[in-house]
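Q: Please take a close look at a single part of this structure, the interface of chain A and chain C, and describe what makes up its two sides.

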Amino acid sequence: MTVQILTANRLGDGAVVYRAQAGGWTERLSESLVLVSTEDAAETLAGAETPEASLEIVGPYLMPVDNSDGEIRPVETREFIRAKGPSVAFGNGHQAENTPLSLAG
Amino acid sequence: MPLIKEGVLAEDSWQALADEDELVEGPIVVTLDRWQSEREALLSRNTPIGVRLKSDQTPALLADDLDRFAVVALEFPKFNDGRAYSYARLLRDRYAFKGEVRAVGNVLRDQFLLMQRCGFDAFEVANEAAAAAWEKAISEISVTYQPGADARRPALALRRNRPAA
Amino acid sequence: MYRYDEFDHTLVNERVHQFRDQVERRLSGELTEDQFKPLRLMNGLYLQLHAYMLRVAVPYGTLSSTQMRKLAYVARRYDKGYGHFTTRQNIQFNWPKLEETPDILADLAEVEMHAIQTSGNCIRNTTSDQFAGAAADEIEDPRVYCEIIRQWSTLHPEFTFLPRKFKIAVTGADHDRAAVRVHDIGLQMCRNEAGEVGFEVVVGGGLGRTPVIGQTIREFLPKQHLLSYLEAILRVYNQLGRRDNLYKARIKILVRSEGIESFRNLVEEEWSHIKESALQLPLDEIARIENYFSPPRYERLDDTVRELEVKRFEDRDFASWVRTNVSTHKQPGYAVATISLKPTGKPPGDASAWQMDAVADLAESYSHSEIRVTHEQNLVLAHVKKADLYALWSGLRDVELATPNAGLLSDMIACPGLDYCNLANARSIPVAQRISERFSDLERQHDIGGLKIKISGCINACGHHHVGHIGLLGVDKKGEEFYQITLGGSADENTAIGKIVGPAFSYDDVVDAVEDIVDTYLEYRSDGEEFSDTFRRVGLAPFKEKLYAAH
């Protein structure tokens, strides 16, 4: 079933974050707050568009996910890549700290 | 709206009139439309007059009338609509306009320096905090590479004048 | 190369302080993101998919070894150990933290570098010929004028909020390696009938959503009027360029809607007022800048170098590299070496910190400590003694930078695409990787000959797909990545916009499609023909037939 979660980039380092079920923001897709009704979604989004929230995150928006088997998965290619990090090795594969961003979940 | 002139908050003696407003006593700023349709009546008042140009109205439209105005106000509907920078340059450089060139609309401190360099000398800002930031905003960058409408001397001129090493 | 004096140093340092203050105001909440975004963009700081991205200017693509080492340092200290060289001859760091960017800029300022105007609707980095100063077909070194334009355009108060971004390219050679006809303004150095050197001025070119080849606005512009003429063009554009539609805001749209004649009249009228102003360049100022770009002290050498010929004979890999990656230098006994940043299966344009350090060292040893970044996302050492080529090649091989593919099929341009970019519709890098793996046999690439594949992940065309012999444009079809193919484009002095061959191919099928195109070309080409020649002769039809009969 297609439901929504709220995502943004973290102000300090631009990392992809999701509104967490436990409150606040998380880097883990699996910990994100699943929004079933459009009213809940709109309210959660509005809560992230305040001056206070802008001290933590940038550009919040709602994204569709599939959680039909209990696991939260993005629907769009772009969101898969945001969740997993670049699909390619980088720096010719030689950079010292090439820690691929962990697949959330 | 607070007005910055010569780096400090200044009394604004001008009243900006919308097209539907009644004429009032004292110095007024009118739109281009009003100037064009009521030119003779406005001139016959014998009080100082200013004109306000929208961002798609070039001062070239007023080239022959500029000596009638004590103020030309140039609108920034958004801070990133940069047309008025060129209009200010034209007013100062091309038409040698000596009156006040006033920035109105979305006028932010991060653009003060650019505006001043293009010939603006009065700034209507949203709040008084902007005035407090004035000095810093216009002195943050002391070097300029281009001739402008202000008194700053570009690096080229300074380089040519320095004693040979 | 150019060295900062006290004015340049002061400006760049003040700009760092100004940006530090802007970042602090954002972090404290004094600035909203909407207010901060244009300020950070004016300093090259984007927010991409996974992180911030800082684009650092490499003015006209020229770097010193010291600067390259600093880039390596920044990559290690603040990023994930690598950088990405772009088609704008700049470098991008993909993982900086917001609060560290002022420190990065302060570090860069120490080596006379900055990120000023690497984004925003202003005059961007002026680009040039990567062989400048070394090319045999050059009238003068175009970087002299690039530097003059760099200074004039830096923090230009009137042109900081143009309708859209503005790109200027300058070339001094007959063979156009700087793609000047697809820039907002292209300057081609030329001589008039009296033999004086000046510029042919081309305006209104560009790629993006609406690719347009620029038109000549002035056949000959004397040097001393360069800045006043540029200012006249920019002033007309700033007032009349469209601001109601992002996609119609570039100068090419204005030039097209006005018509070149009418646009020229507007510019010439404006110019007549400012031609004799303080913008006129004194000849001694031109000479002062020229001094910085005076040629290195060449040794008097024989052009035929025996050691080189012996090594070519002994070492096939070296011979293969010399064949593709070494170009003619104007000075006997010297050569220009292209360092390919396109190893098979790797992201085009990426270099790791240790590779950057190695290139800095090699440039110091063999090329007067100077490095060029090319718009095709490679590096160039412009003044290498032929006798040193083998040592250079050995050093490059040690750091996996000796791929002998410059100008060949696997020397592709690719934008960062959907792996990094917020605007992209589809990935570019993995497509480039898969193509280079498919054609990993270098003999096969040599047989195919010079071929330019250019890949953009969206219509903004950062990967220059319109001017690729084969261009790939990523599009989104119902959430899936597809690639539209164009054929017959060219970015050199015979600039041409590629033609769309037909319906787009899926991510899985696009590499097969490229192979079909190459096979068709090989089938139809006559002796001595390059891809463009064959394409002009046979047209789209045989390619269409092959592609859409097979798929």
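**The interface of chain A and chain C**

A: Between chain A and chain C about 2,700 Å² is buried, and carbon and sulfur atoms give 57% of that area; buried area is the accessible area (1.4 Å probe) that two parts lose on being put together, summed over both. The model is predicted, so local features need pLDDT of at least 70 and side-chain atom pairs count only at pLDDT 80 or more, whereas totals for chains, interfaces and linings use all residues. Residues are numbered from 1 along each chain as its sequence is written, chains are lettered from A and ligands numbered from 1 in the order in which they are written, and side-chain values use heavy atoms, with hydrogens and water left out.

Chain A brings 29 residues to the contact and chain C brings 40 residues, contact being heavy atoms within 4.5 Å. Polar contacts join 8 residue pairs, both residues at pLDDT 80 or more; such a contact is a pair of N or O atoms within 3.5 Å, and within protein one must be able to donate a hydrogen and the other to accept it, while residues adjacent in sequence count only if both atoms are side-chain atoms. The rule finds 0 salt bridges across this interface, a salt bridge being a side-chain nitrogen of Lys or Arg within 4 Å of a carboxyl oxygen of Asp or Glu.

On the side of chain A that touches chain C, strand 1 (2–10), strand 4 (57–66) and helix 2 (77–84) of chain A each give two or more residues. Helices (H or I, at least four residues) and strands (E, at least two) are DSSP runs, numbered from the N terminus. Helix 2 of chain A supplies the largest share of that side, 4 residues.
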